[in-house]
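Hi,

Here is the structure I promised to send over. Have a look at it first, and then read my notes underneath.

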Amino acid sequence: MKKISELIDSLDLENKECEYKLKLETSDDKVEKWAKTLVAFANTYGGYVFVGVSDDGDAVGLARKEIDQTKNLVLRTINRHVFPHIQVEFWSFPCGEEKYVLSIWTDYLNEMVIYKSGDFNEKVYIRQDGASIPATVSQILAMGKRKLGMDRQVLNEQYEAKDFTKFIRLAALYRKDGQKPTEKTLISKEVLAEDGRLTEGFKMFSDGFESDETLTVCRLWNGFDKGSDAVIDKKEFKGCLCDVFQNVMGFVERNSRSGFIKQKEGSRLDTVSYPELALREAVVNALAHRDYSIEGTQVDVDIFKDRLVITSPGHWLLPKKPSEYSLDTIPSVRRNKVICSCFEVAGLMERSGSGLKKIYTVYERLNFRAPELDDQHDYFLITMFDLLAESENRILFHGPYDEKILSFCNGVARTREEIQEHIGIKSRSYFNLKILKPMLESGTMVATSGLKSRKRKYIAAAKK
């Protein structure tokens, strides 16, 4: 007997939940046992039910007549008990002589789906840890926000410009016209209600906004993955989205290298690890499209030796997998319409949804490895590769203090203390890890003695 995994290309199941059933019960008191799985898939992230398969994955199969009966049972059950009615797709494939496995697929529905077994008996199911379970009250409330748009709720608070000074400054900095947004503009973009009241999404940009909803954690790793090395630097940002955006940008820029890479024609191109435009678009994308309704989650920004990975809560909204798109062809879908409009008003997004395409264009012009997209059920990831990571095209990387240090140590060996004092850096660990170590590794600075020597000094390397 074959396993279901031998009959189906694993790519068809990638990142999709599935459940196995030998058969579907037909009696009224047992229908809910399998129908709840379809409801849970529709409420969570879609999935497959394979009928004719044991719990161990053995493809036992159904007779052709049973396949037709099962299809009719599913459609009849949806019509009677599932509201709103969900759409399902059926496939059947042979697994033995006169035996077939039936695949039932249901997609995520942008409405809350319930199972109704009576006038006063309604249940909401979700998928969690591979099982279909009843949703708790808090999960139902969070689901309602996610499906109906948590950021569009109108609050009983009037807009006051004095409460949005950070947003106004951000807009003046990034808008092409350099103008501060007026209340009329905010209303026309549906950031404010027509009577000037705040929306839930716009309040997240107010000066005094305090909430863990916007929590973003930035980490600098000393290796190529999370498991092999300790974190060198870590910062957590939350509250006003204006602050979160600018703090994340600052963290990455502080922990990036600057230098130059060779071009094909022999010229040199001055650059940084992550071009500012591409970085900005990636950060805004994560903050604008994250699922703020999932409690206890955060945006993660992880910097490794060769790449930057931004992980944002929220399932993938498009019908195809991320791997089936390139960054320059992904259509625009907005999870949080008001938050996206706020970034648009601030000059950080475009209604055309061209942010990911801009990232792709930056790397394409540099003839460098394109960023990658991925999704893991309730999380979306974008990976950007370090332009100045080890490669044959990299000549040298340097930090903001390098020229000053090289001039100070040109022909004269200096102690670590002397160099730190000269450039005004107080933290010894920061100086060693972020300034001195990269210069030693690049060969622009050399040590006069061994690591454990008390007389250890440093001098600028002779130019070749």
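**Loops, a cis bond and a buried helix**

Let me begin with Glu98, which sits in the loop that links strand S4 to strand S5 (99-106). Keep in mind throughout that this is a predicted model. The backbone at Glu98 is worth a look: its phi is near 60 degrees, a positive value in a residue other than glycine. Is Glu98 buried or exposed? Its relative accessible area is 58%, and since anything over 50% counts as exposed, Glu98 is exposed.

There is a second glutamate to look at. Glu190 also isn't a glycine, yet it has a positive phi of about 65 degrees. You'll find Glu190 in the loop between H6 and S11. Glu190 counts as exposed too, with a relative accessibility of 61%.

While you're scrolling through loops, stop at Pro84, in the one between strand S3 (82-83) and strand S4 (88-96). The peptide bond joining Phe83 and Pro84 is cis, with omega at about -10 degrees.

Now for helix H10, which covers residues 337-345. How many of its 9 residues are buried? The count is 8, so the helix is largely enclosed by the rest of the structure. The buried ones are Val338, Ile339, Cys340, Ser341, Cys342, Phe343, Glu344 and Val345. That list includes a glutamate, Glu344, whereas Glu98 is exposed and so is Glu190.

What do the buried residues of H10 pack against? Among the helices there are H5 (165-174), H6 (183-188), H7 (200-203), H8 (241-254) and H9 (276-289). Strand S11 (197-199) is a packing partner as well. If H6 and S11 ring a bell, they are the two elements on either side of the Glu190 loop. Just after H10 comes Gly347, with a positive phi of about 80 degrees.

Finally, the overall numbers. The protein chain has 464 residues, and 47% of them count as buried. Its secondary structure comes to 14 helices and 22 strands. Looking at contacts with a separation of 6 or more, 66% are between residues 24 or more positions apart. The chain exposes about 24,500 Å², and carbon and sulfur atoms supply 48% of that area.

If you open just one part of the model, I'd pick H10 together with the elements it packs against.

Cheers

Notes. Residues are numbered from 1 along each chain as its sequence is written. This is a predicted model: local features need pLDDT of at least 70, side-chain atom pairs count only at pLDDT 80 or more; totals for chains, interfaces and linings use all residues. Side-chain values use heavy atoms; hydrogens and water are left out. Buried means under 20% relative accessible area, exposed over 50%, partly exposed in between (1.4 Å probe, protein chains only). Helices (H or I, at least four residues) and strands (E, at least two) are DSSP runs, numbered from the N terminus. Contact means heavy atoms within 4.5 Å. Accessible areas come from the Shrake-Rupley method with a 1.4 Å probe; for residues, only the protein chains shown count as cover.
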